[in-house]
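Let's take a walk through a protein chain together. Have a look at the sequence and the picture, then read on.

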Amino acid sequence: MRRKGFQLPLPEMPESVPVPGETILLMEHLEGTPVHSGHIKEWTKRDPILSQVLRFILEGWPTKDYSAELNPYFTKQSELSVEDGCVLWGARVIVPPQGRSKKLTELHEAHPGKSCMKALAQSYVCWPGMDQEIVKKVKGCIKCQSNQSAPAEGPLHPKGWPGLP
């Protein structure tokens, strides 16, 4: 059955293409996040270590005479890149010190626990000592500590009586 009024391909493009609902929801959510790429870009420029790393990525790494603070980045120099002023390690954003506490708070929002929090963080962000800071955050949380030792409840399976000795 053919519908009236529709002809493909369209004779001319419509003036406005409707934006999918999930795109609108994502954009609304991103504006409410505590840290976004503009913050990271600005903090990277201001941070003495990350600004140096940014410069080294763009201009080339020194062969020697680098400081101890640069060592975590120096060992990963072939995996580091820059996107819009933000330093990336693979697909993960390196968060400058100014945004680390905000990111930890955002990751800890649902009290997922140490392992889930590390896994979630390691999918998107990184910085030197991130795992230790996550452990410290979880150990300092009263809710996480009160639920940590509670094992998951399982169903009881009573054993039947034996029929023979």
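## Getting started

Before we count anything, here's one term: a contact means heavy atoms within 4.5 Å. With that in hand, take the contacts in the chain with a separation of 6 or more: 55% of them are between residues 24 or more positions apart. Keep in mind that you're looking at a predicted model.

## The whole chain

What is the chain built from? Its secondary structure comes to eight helices and four strands. If you read along the sequence, the pattern goes α-α-α-α-β-β-β-α-α-β-α-α.

Now for the surface. The chain has 165 residues, and 24% of them count as buried. About 12700 Å² is exposed, with carbon and sulfur atoms supplying 57% of that area.

## The sheet

Here's a bit of background: strands of a sheet pair through backbone hydrogen bonds, and they can do so parallel or antiparallel. In this model, four strands make an open sheet in the order E1-E2-E3-E4, and the pairing is mixed. Which strands sit at the edges? Those are E1 (80-83) and E4 (125-126), each of which pairs on one side only.

Let's zoom in on one pair. E1 and E2 (residues 86-89) run antiparallel, and four bridges join them. For Leu80, the bridge partner in E2 is Trp89.

## Two helices that meet

When two helices pack, people describe them by the angle between their axes and the distance between the axes. Try that on H6 (residues 114-124) and H7 (residues 130-139): their axes come within 10 Å and cross at roughly 145°. The crossing is right-handed.

Who's involved? From H6 you've got Lys114, Met117, Lys118, Ala121 and Gln122, and they meet Met130, Asp131, Ile134, Val135, Lys137 and Val138 in H7. Sort the residues of this contact by type and you get six nonpolar, one polar and four charged.

## A closer look at Ala121

Find Ala121 in helix H6. Is Ala121 buried or exposed? The cut-off for buried is under 20% relative accessible area, and Ala121 has 0%, so this residue counts as buried.

What does Ala121 touch? Leaving aside neighbours within four places in sequence, Ala121 is in contact with Leu107, Met130 and Ile134. Met130 and Ile134 are familiar by now, as they're among the H7 residues that H6 meets. You can also look for His108, which is 13 residues from Ala121 along the chain, with 9.9 Å between the two C-alpha atoms.

Notes:
Residues numbered from 1 in each chain as written. Predicted model: local features only at pLDDT ≥ 70, side-chain atom pairs only at ≥ 80, totals over all residues. Heavy atoms only, no water. Axes fitted to C-alpha atoms, helices over the stretch in contact; angles between N-to-C directions. Helix = DSSP H or I, 4+ residues; strand = E, 2+ residues; numbered from the N terminus. Left-handed = near helix turned anticlockwise from the far one by under 90°. Nonpolar A, V, L, I, M, F, W, Y, C, P; charged D, E, K, R; others polar. Buried < 20%, exposed > 50% of the residue type's maximum accessible area, 1.4 Å probe, protein only. Areas by Shrake-Rupley, 256 points an atom, 1.4 Å probe, with all protein chains shown as cover. Pairing = 2+ DSSP bridges.
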